[in-house]
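The following exercises concern the fold and surface of a single protein chain. Each task is followed by a solution in steps.

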Amino acid sequence: MIRVLLADDEHLIRGAVAALLGLDPDIEIVAEVGRGDEVAAAVAAHDPDVAVLDIEMPGADGLAVAEELRAAGARCAVCILTSFGRPGYLRRAMAAGVRGFVPKDAPTDELAAAVRKVHAGGRYLDAELAAAAMEAGDNPLTEREREILRHIAAGADTSGIAARLHLSEGTVRNYLSSAMSKLGASTRLGAVQAAQEMGWI
């Protein structure tokens, strides 16, 4: 029996996935959570074989949770289930040790196959997402540029970012200018949008 934890903030989707996966005789749903910051405790309490995580969740996104589980030495394999098929997400997921990446519009039997494969130690990557990731190439942004764009996306201004990161405002502006140039954006918000569309922040 493969013990599965589901994490998705959309109750209807989480319930439907749990019900459909539960029909498979070799899969048991042992826990369901609706927030990313609830996953680690649920993993510790229920010891699942596979954690199926949504990317966009309150508390912490699925990729951050995958990184947290990996750092904590959790034994469960991680499978990302998402409606955001952005190429950068796939690359970040792989770097975080995620073993499966399945779009939410995939048939239920595809998710069940992904759960079985990652539980057996393999990888399961949706073919279209993998092709898009290869076509998109590597993320051109540095970690500092990504960090600053994330702050911009959250509504912070240059002075606030400078204070938070212990940088001068001029340095923050230089990072922003570099990021905008790499992304072909004429405004900082345009740079944020371009980076988000690619899944790079």
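Accessible areas come from the Shrake-Rupley method with a 1.4 Å probe. The model examined here is predicted.

**Exercise 1.** Determine how much area the protein chain exposes and what share carbon and sulfur atoms supply.

*Solution.* The exposed area of the protein chain is about 9,600 Å². Carbon and sulfur atoms account for 52% of that area. As for the interior, buried residues constitute 45% of the 201 residues.

**Exercise 2.** Assess how compact the protein chain is for 201 residues.

*Solution.* The chain contains ten helices and six strands. Its radius of gyration is 18 Å, close to the 17 Å from the globule rule, so the chain is as compact as a globular protein of that length. The C-alpha trace spans about 60 × 35 × 30 Å along its principal axes.

**Exercise 3.** Establish the strand order of the sheet and identify the helices that pack on β1 and β2.

*Solution.* The six strands form an open sheet in the order β2-β1-β3-β4-β5-β6, with parallel pairing. Its edge strands, each paired on one side only, are β2 (27-33) and β6 (124-125). Six bridges join β1 (residues 2-7) to β2 in the parallel sense, and V4 has I29 of β2 as its bridge partner. Helix α1 (residues 11-21) touches β1, β2 and β4 (77-82), and its direction makes about 165° with that of β2. Helix α2 (residues 39-46) touches β1, β2 and β3 (50-53), with a direction at about 160° to that of β1.

**Exercise 4.** Is T158 buried or exposed?

*Solution.* T158 lies in helix α8 (residues 158-165). Its relative accessible area is 10%; the cut-off for a buried residue is under 20%, and T158 is therefore buried. Beyond neighbours within four places in sequence, T158 contacts E169, V172, R173, L176 and R188.

Note on methods:
Residues are numbered from 1 along each chain as its sequence is written. This is a predicted model: local features need pLDDT of at least 70, side-chain atom pairs count only at pLDDT 80 or more; totals for chains, interfaces and linings use all residues. Side-chain values use heavy atoms; hydrogens and water are left out. Two strands pair if DSSP finds at least two bridges between them. Helices (H or I, at least four residues) and strands (E, at least two) are DSSP runs, numbered from the N terminus. Contact means heavy atoms within 4.5 Å. Axes are lines fitted to C-alpha atoms, for helices over the stretch in contact, and angles run from 0 to 180 degrees between N-to-C directions. Buried means under 20% relative accessible area, exposed over 50%, partly exposed in between (1.4 Å probe, protein chains only). The radius of gyration is taken over C-alpha atoms; the globule rule is 2.2 Å times the number of residues to the power 0.38.
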